[in-house]
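Biologist: I would like the reasoning behind each label, not just the labels. Shall we start with the cysteines?

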Amino acid sequence: MNRLLTVSLSAILLFAGISLPAQEKPVPLSDSLYRSLAATPPMGWNSWNKFGCNVSEKLIKEMADAMAASGMADAGYEYIVIDDCWQVERDADGNIVPDPERFPSGMKALADYIHDLGLKFGVYSCAGSYTCQGRPGSKGHQFQDALQYAKWGVDFLKYDWCANDGQNARAAYQTMAEAIKASGRPILLSICEWGENKPWEWGEGIGHLWRVTPDIRAVYDGVFDWGGVGVLQCIDADADLYPYAGPGHWNDAEMLEVGNGELTWDENVTHFSMWCMLAAPLMSGNDLREMDFKTRQILTNKEVIAVNQDPLGRQGIRFLDMGDKEIWAKPLAGGEIAVCFMNRGETPWNLDYNWRDQTMYFAQEVNLRKWDYKVRDLWQHKDIGSTKDRLQAVIPAHGILMVRLSK
Ligand code: GLA
């Protein structure tokens with residue numbers, strides 16, 4: 001049927017009060033709209049760190065309920081992301097099939113449930129032919145999958161790199177970005193190729209966040225023989241990548257392990273503070289249904305989260321490296337600045353710091369020699385003096401002091 005005939009047919013039907021079925025073809029997202037997503041680092045929850053392959057519709061709904069009720073949503077967390085293992089096969093038409101036993105109501109119903117709570121929904125796939133757990137990947141099905149996700153109501157896609165068959169990483173992720181844009185739905189693209197192909201050099205405009213580390217484990221300091229790493233290793237992998245982060249494109253230091261494993265209070269506080277200093281995405285990875293008081297206190301510290309979500313979108317810088325003792329600084333909007341004193345050592349750090357001794361790295365914005373700033377401790381929620389005074393504190397082993405300087 002030619003276009004003229006279609007138009008006249010529509011006009012006749014319209015005149016007769018009959019409407020044609022809604023157009024099937026989505027309106028593609030513009031590149032500028034796509035790039036404008038994730039103006040601040042994304043915040044949410046992901047199933048992998050705590051539950052691995054043990055995911056189900058029941059678990060995800062309970063986690064969404066807990067996010068809404070526990071103060072997490074109020075603190076800014078919004079994405080509920082199912083990681084690997086929700087998918088089992090492709091049907092005869094090549095459509096991806098969710099596990100019918102674990103997700104009996106289907107993904108659209110689950111997305112609706114999550115959206116009704118005011119939250120957003122994410123899934124996981126892989127740029128390779130298989131996911132890291134051997135489920136079907138998206139290679140060869142990118143446009144079909146993105147369309148399917150859009151129909152379900154997906155808002156976030158974590159896109160992994162196992163079984164990648166030697167593809168060019170940039171091209172593989174660009175293909176999925178184009179597929180998302182063509183689907184017409186604003187879906188965040190989380191590039192997860194572990195930093196192997198320097199995604200910080202090409203990821204802006206393709207994805208909204210990119211992993212810069214191997215898989216994290218709930219330890220402070222450690223490298224496992226299979227490649228997993230601890231909190232310190234993630235921080236170090238991200239430390240020099242600050243020039244690449246900004247609104248819409250973030251270095252992903254890995255999902256959070258706060259509340260998991262054997263991490264102590266001080267280690268959890270360091271972990272969370274540093275992810276906020278690094279402007280890293282904050283994807284909690286613990287069981288939100290049974291968070292203890294301390295875990296909740298850490299994950300929902302709004303003053304610390306405000307540093308992460310600061311609209312300027314600058315990643316913090318390791319401004320002074322003294323071996324086991326480090327000073328980090330993150331410029332914030334309005335000429336304010338967040339500073340962390342991080343003690344990597346095994347003994348307490350008796351800090352006696354003269355703000356006048358040093359000019360912060362970005363001296364054009366911050367001149368501690370010239371101006372006085374109010375100093376606020378973001379974990380004690382207390383003003384503790386000014387930059388005219390020396391800063392004195394005992395920072396425990398593996399602990400941190402995090403302050404905000406304002407004029
Ligand atoms: C990779 C990713 C992890 C997780 C698993 C799932 O290892 O890096 O974050 O998604 O795959 O299989």
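Modeller: Counting bonded cysteines along the chain, the disulfides follow the pattern 1-2, 3-4. This is a predicted model. A search of the whole structure gives two disulfides.

Biologist: How do you know that Cys53 and Cys85 form a disulfide?

Modeller: Their sulfur atoms are 1.8 Å apart. The cut-off is 2.5 Å, so the pair counts as a disulfide.

Biologist: Which parts of the chain does the pair link?

Modeller: Distant ones, 32 residues apart. Cys53 sits in the loop between α3 (48–51) and α4 (57–69). Cys85 sits in the loop between β2 (79–81) and β3 (87–90).

Biologist: Why is Cys85 called buried?

Modeller: Its relative accessible area is 1%. Buried means under 20%, so Cys85 qualifies. Cys53 has 29%. That value falls between 20% and 50%, so Cys53 is partly exposed.

Biologist: What makes Cys132 and Cys162 a disulfide?

Modeller: The S to S distance is 2.0 Å. That is within 2.5 Å, so the definition is met. The link is right-handed, with 100 degrees about the S-S bond. Cys132 lies in the loop between β5 (120–126) and α7 (142–152). Cys162 lies in the loop between β6 (156–160) and α8 (169–183). The pair therefore ties together parts that are 30 residues apart in sequence.

Biologist: Is Cys132 buried, exposed or partly exposed?

Modeller: Partly exposed, at 30% relative accessibility.

Biologist: How do you know that Cys192 is in no disulfide?

Modeller: The nearest cysteine sulfur, that of Cys132, is 7.0 Å away. The cut-off is 2.5 Å, so there is no bond. Cys192 counts as buried, at 1% relative accessibility.

Biologist: Why does Cys340 have no bond to Cys276?

Modeller: The sulfur of Cys276 is the closest cysteine sulfur to that of Cys340, but it is 8.9 Å away, too far for a bond. Cys340 is buried, with a relative accessible area of 0%.

Biologist: On to the pockets. What lines the largest pocket?

Modeller: There are 19 lining residues. The closest to the centre are Asp377, Trp379, Gln380, Ile400 and Leu401. The elements that give two or more residues are α10 (265–277), β17 (390–395) and β18 (400–406). The largest share, five residues, comes from β17. The pocket volume is about 390 Å³.

Biologist: How do you know that domain 1 (2–308) and domain 2 (317–406) both take part in that lining?

Modeller: Each of the two gives at least three residues to the lining.

Biologist: How do the lining residues of the largest pocket divide by class?

Modeller: Twelve are nonpolar, five polar and two charged. In the second largest pocket, eight are nonpolar, three polar and eight charged. That pocket has a volume of about 250 Å³. It also has 19 lining residues, with Cys132, Asp160, Trp194, Arg211 and Asp215 closest to its centre.

Biologist: Now the whole chain. What makes it as compact as a globular protein of that length?

Modeller: The chain has twelve helices and 18 strands. Its radius of gyration is 23 Å. The globule rule gives 22 Å for 407 residues, and the value is close to that, so the chain is as compact as a globular protein of that length. Along the principal axes, the C-alpha atoms fill a box of roughly 80 × 45 × 45 Å.

Biologist: What share of the residues is buried?

Modeller: Buried residues make up 54% of the 407.

Key
Residues numbered from 1 in each chain as written. Predicted model: local features only at pLDDT ≥ 70, side-chain atom pairs only at ≥ 80, totals over all residues. Heavy atoms only, no water. Helix = DSSP H or I, 4+ residues; strand = E, 2+ residues; numbered from the N terminus. Buried < 20%, exposed > 50% of the residue type's maximum accessible area, 1.4 Å probe, protein only. 1 Å grid on protein atoms, 1.4 Å probe; cavity = no way out; pocket = protein on both sides within 12 Å on 5 of 7 lines; lining within 4 Å. Points joined across faces, edges and corners; volume = space filled by probe spheres on them. Nonpolar A, V, L, I, M, F, W, Y, C, P; charged D, E, K, R; others polar. Domains from an automatic or database assignment. Rg over C-alpha atoms; globule rule 2.2 N^0.38 Å.
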